[in-house]
Amino acid sequence: MDLVHDPGDVQFQLEVREFIRKTLPELFPEIGTPQWELRSLDRTDVHAWTRALDSRGWAVPHWPVEWGGIGISAVRRYILLEELSAASSPSLDSISIDFVGPVLYTFGTPQQKRRYLPRIRTAEDFWCQGFSEASAGSDVMQLRTTATRQGDHFVVNGHKLWITNAHFADMMFALVRVEMPGQRRQQGLSFLLIDMRAKGVSVRPILTIDGLHHISEVVLDGVRVPGENLVGEPGKGWIYARMILANERNVIAGVRSARRQLEQVRDLLQTRREGSARLLENDGYRNRLAQMEIELDALEVLELRVLHAPSGPDAPPSVLGPILKVRTCELRQRISELAIDALGDGGLEAQPYPELEQLPTDPVELAHLRACAITAGYLFQRSATIAGGTSEVQRNIIAAIGLGL
Ligand SMILES: Cc1cc2nc3c(=O)[nH]c(=O)nc-3n(C[C@H](O)[C@H](O)[C@H](O)COP(=O)(O)OP(=O)(O)OC[C@H]3O[C@@H](n4cnc5c(N)ncnc54)[C@H](O)[C@@H]3O)c2cc1C
């Protein structure tokens, strides 16, 4: 949908497009090919693209100017995100840029800011989020990981579960319970930065239903963490985590990936046939597609409202983020169901992304692999209404804040 009217914003859009047109193929020559569509990105790709964007101030444009931001307006940020997505550019590392970054520049010590923010801005470091545990998902307050103060260190023991990107992250921001010698265990949670290479950290892969390794369990066994890695005050970690959860909803909602998914389904309906007719000529498919396009248009406007709304620790609680998360994640699941229906028997096999060099050039084989990847994507979409807070929990928040129930 075209939300850009102001001449300055139009100019900005053209500038972004031109930058992408020139820079993306220089860094990734295979962009636009089926190989690109089917490949899985690695750290090197994300690092290279983040640095390229940073050269224009577009890696962390919404951060404070002191730490690399450019005071970007909500509309221009929206334009930037739209253009990057439309060009299928590599996704930046949101867990670092949008989750822990804002906590560090808002609540971190000067030393923490100097040490971590520049490395996040240029994707030198990748972070993972260590909140969930076996008994603490929706209700994080149930978590059991402890950080016991011993001199100038904490000794951390616990077991984190479902941790995205833990297998390649350099650092984890974790919620823990601090124990001080001679005092009762803190009731509140504390926010601690843990080096993933520290002794006592072990990462065990969990393969998800699509056959890929997105998430892991992380065992913390007597891990020594310097006292200076505590963010803010002990026992106040939930205040900092809440800021992350608000950002997390918007990122996980994934309005732009929904748009990409919908375009992919439209292509599928164009190419696949039922008898001699294309599926796109079938009223049932056309109606479903049109309905989803209308809903997505509305969600794009909602996302713009979310980007406009005040953020930060003093921002009033809002229902916009939870509504965006529930509606977009549920829509993404429906789009993936439409794709599976369109694939028919072709959707019976799911296969994770093959390595780039193994991809066949034969169009029939490529089409088969693409179908397998769509099915794998459909299966992984089941997690969209769980990760970052389940739909049931988001509805509770909407009921409490929005309806006063
Ligand atoms: C793909 C994926 C990636 C993830 N990545 C991370 C990560 O990087 N870091 C991290 O810390 N965590 C991560 N998680 C964990 C995620 O945050 C939790 O799975 C989620 O918060 C739900 O918690 P749970 O799995 O313990 O389910 P539970 O909280 O046990 O919920 C089970 C069911 O009960 C329902 N329920 C629970 N409480 C209520 C209530 N009050 N009212 C109504 N219904 C309720 C839920 O909706 C759900 O259907 C990830 C999860 C997934 C699937």
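Author: Let's start with a rule: two strands pair if DSSP finds at least two bridges between them. Keep in mind that this whole model is predicted.

Reader: What makes β4 and β5 a pair?

Author: Strand β4 (residues 171-179) and strand β5 (residues 190-195) are joined by six bridges in the antiparallel sense. The rule asks for at least two bridges, so β4 and β5 count as paired. One spot to look at is M171, whose bridge partner in β5 is D195.

Reader: Which way does β1 run against β4, parallel or antiparallel?

Author: Parallel, with four bridges joining β1 (residues 127-130) to β4. You can find C128 opposite M172 there. Strand β2 also runs parallel to β4, over three bridges, and T148 stands opposite E179.

Reader: Why is β4 called largely enclosed?

Author: Buried means under 20% relative accessible area. Eight of the nine residues of β4 are buried, so the rest of the structure largely encloses this strand.

Reader: What makes β2 and β3 a pair, and what lies between them?

Author: Five bridges join β2 (residues 146-150) to β3 (residues 153-164), and the two strands run antiparallel. With at least two bridges needed, five is enough, so they pair. They form a hairpin with two residues between them, and G151 in the turn has a positive phi of about 60°. Right at the hairpin, Q150 stands opposite H153.

Reader: How many bridges does β3 make with β7?

Author: Ten, again in the antiparallel sense, with β7 covering residues 215-226. K160 in this pairing stands opposite V218.

Reader: How do you know that Q129 is buried?

Author: Q129 sits in strand β1. Its relative accessibility is 14%, and the cut-off for buried is under 20%, so Q129 counts as buried. Leaving aside neighbours within four places in sequence, Q129 is in contact with I95, F99, I163, F173, I244 and E248. The C-alpha atoms of Q129 and L175 are 8.8 Å apart, although 46 residues separate them along the chain.

Reader: And D45, why is that called buried?

Author: Same kind of check. D45 has a relative accessible area of 8%, which is under 20%, so D45 is buried. You'll find D45 in helix α3 (residues 43-54). Beyond its neighbours within four places in sequence, D45 is in contact with F28 and R39.

Reader: Why is S88 called partly exposed?

Author: Buried stops under 20% and exposed begins over 50%, so the 29% relative accessible area of S88 puts it in between: partly exposed. S88 belongs to the loop between α4 and α5 (94-107).

Reader: What makes the phi of S88 worth pointing out?

Author: Most residues other than glycine have a negative phi. S88 is not glycine, yet its phi is positive, near 55°. A123 is another such case, with a positive phi near 55°. A123 lies in the loop between α6 (110-121) and β1. With a relative accessible area of 6%, under the 20% limit, A123 is buried.

Reader: How do you know that the length of α8 agrees with what a helix of 17 residues should span?

Author: The expected span is 1.5 Å times one less than the number of residues. For the 17 residues of α8 (residues 255-271) that gives 24 Å, and the end C-alpha atoms are 25 Å apart, which agrees. Several α8 residues are buried, including V255, A258, L262 and L269. Among the elements that cover the buried residues of α8 are α7 (237-253), α9 (283-308) and α11 (363-381).

Reader: What surrounds the ligand?

Author: 17 residues do, and the closest are S132, S138, W162, T390 and E392. Strand β3 gives the largest share of this shell, three residues. Both β3 and α12 (391-403) supply at least two residues each.

Reader: What makes T164 and the ligand a polar contact?

Author: A polar contact is a pair of N or O atoms within 3.5 Å. An N or O atom in the side chain of T164 is 2.7 Å from a nitrogen atom of the ligand, so the pair qualifies. The side chain of N396 also has an N or O atom 2.9 Å from a ligand nitrogen. For W162, a backbone N or O atom lies 2.8 Å from a nitrogen atom of the ligand. Taken alone, the ligand exposes 970 Å², and the protein buries 65% of that.

Key:
Residues numbered from 1 in each chain as written. Predicted model: local features only at pLDDT ≥ 70, side-chain atom pairs only at ≥ 80, totals over all residues. Heavy atoms only, no water. Buried < 20%, exposed > 50% of the residue type's maximum accessible area, 1.4 Å probe, protein only. Contact = heavy atoms within 4.5 Å. Near = heavy atom within 4 Å. Polar contact = N/O pair within 3.5 Å; in protein donor to acceptor, adjacent residues only side chain to side chain. Areas by Shrake-Rupley, 256 points an atom, 1.4 Å probe, with all protein chains shown as cover.
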